[in-house]
Amino acid sequence: MANARSALYFDFISQPSRAVLLFVRCAQLPVEEKLVPLHKNQQRTPDYLAINPLGKVPALQDEDGFCLPESCAILRYLASKYNAPDHWYPGDVRLRARVDAALDWHHMTIRRGCTAQVWNRILAPMSGQPSSEAVAKDGEAVLKNALQDMEKFWLGSTPYVAGEHISLGDLPILTELVTMRLLAGAAEGPTLEQQLAGFPKVRTWMEQVRAELEPHYSSVHAMLDKAVQSAVRRKERQQKSQAKL
């Protein structure tokens, strides 16, 4: 973007990156988008480590050199810096606290449950790295408990996790859950759809948040869509190969 005052370093395959990118695009923030391809290990280059010594995405850099890691911190910072529409990060102290609570809660619940499964059943096998089915199964249990909490508490009386309107709190949870679509290409274990069975409020919430984020949802998730298709084709080839044995 012209006259950008901040730069967002991200990768489309990164769930936290997509959460921040969705906010930037939906809120039309003057932020320059800078792709950091993780598959090329660009997050480990000296140039990038000078921006984010943690070597992860996303990261934000302001025009004066101020750098900020961690997606949820970046979301809060951008909402405050650019005075985003109030529903994203409300000025009302209790509504804002609810958004903060959802952001904090998702790390060891939704994110932990999703990441354990996607890494051990898809990403590690594809990259030839060690995987653990026991850890994946633990992720299933963690995610099931988290979905129960969403059904009963976070979406118990409101359409969005932090109230009557979409907010920052919805974004990281959504991007974690939709990444579970990759499990359609896993050799074993339940798919996203199977794990969402019995959680109608969560399913409805996902659909309405996705619809509200369009057209940016589709553009931000185009690479994930391709990755899902590739994972499914890979599984089908493996099944055909095994059938011939």
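This is a short walk through the structure shown above, from its annotated domain to its core, its rings and its cysteines. Keep in mind that the model is predicted.

I'll start with the record. UniProt, in an unreviewed entry, lists residues 92–239 as "domain: GST C-terminal". In the model, that stretch is 74% helix and 0% strand. Its two end C-alpha atoms are 54 Å apart.

One helix within that range is α6, residues 170–179. How many of its residues are buried? Ten of its ten. The run goes from Asp 170 to Thr 179, and the buried set includes Asp 170, Thr 175, Glu 176 and Thr 179 as well as Leu 171, Ile 173, Leu 174, Leu 177 and Val 178. Pro 172 is buried too.

Now the core. The largest nonpolar core has 64 residues. Which of them touch the most other members? They are Phe 23, Leu 78, Ile 110, Met 150, Leu 177, Val 202 and Trp 205. Leu 177 is also one of the buried residues of α6. By element, α4 gives the most to this core, with eight residues.

Take Met 150 as an example. Setting aside neighbours within four places in sequence, Met 150 is in contact with Trp 105, Ile 110, Leu 155, Gly 156, Val 161, Ile 173, Val 202 and Trp 205. Of those contacts, Ile 173 belongs to α6. There is also a second, separate core of seven residues, and Ala 7, Tyr 9, Tyr 48 and Ala 59 are among them.

Next, the rings. The count is six aromatic pairs. One of them is Phe 23 with Trp 88, an edge-to-face pair at 5.3 Å centre to centre, with 65 degrees between the planes. Where do the two partners sit? Phe 23 is in helix α1, residues 15–26, and Trp 88 is in the loop between α3 (71–81) and α4 (93–127). The pair therefore ties together parts that are 65 residues apart in sequence. Both rings belong to covered residues: Phe 23 is buried at 0% relative accessibility, and Trp 88 is buried at 5%.

There is also an aromatic cluster, made up of Trp 105, Phe 153 and Trp 154. Phe 153 has a further partner, since Arg 98 lies over its face at 4.6 Å from the ring centre. A second arginine, Arg 96, has its charged end over the ring of Tyr 89, 3.9 Å from the centre.

On to the cysteines. The structure holds zero disulfides. Why is Cys 72 not in one? A disulfide needs its two sulfur atoms within 2.5 Å, and the nearest cysteine sulfur to Cys 72, that of Cys 114, is 14 Å away. The reverse also holds: for Cys 114 the nearest cysteine sulfur is that of Cys 72, at 14 Å. Both residues are buried, Cys 72 with a relative accessible area of 5% and Cys 114 with 1%.

Last, a residue at a loop. Gly 65 lies between β3 (59–62) and β4 (67–69). Is Gly 65 buried, partly exposed or exposed? At 40% relative accessibility it counts as partly exposed. In sequence Gly 65 is 59 residues from Ser 6, but in space the two C-alpha atoms are 9.3 Å apart.

That is the end of the walk-through.

Note on methods
Residues numbered from 1 in each chain as written. Predicted model: local features only at pLDDT ≥ 70, side-chain atom pairs only at ≥ 80, totals over all residues. Heavy atoms only, no water. Helix = DSSP H or I, 4+ residues; strand = E, 2+ residues; numbered from the N terminus. Buried < 20%, exposed > 50% of the residue type's maximum accessible area, 1.4 Å probe, protein only. UniProt positions renumbered as here; feature names shortened; annotations may be inferred. Phe/Tyr/Trp six-rings, centres within 6.5 Å; stacked < 30°, edge-to-face > 60°. Lys NZ or Arg CZ within 6 Å of the ring centre and 35° of its normal. Core = buried A, V, L, I, M, F, W, Y, C linked by side-chain atoms within 4.5 Å. Contact = heavy atoms within 4.5 Å.
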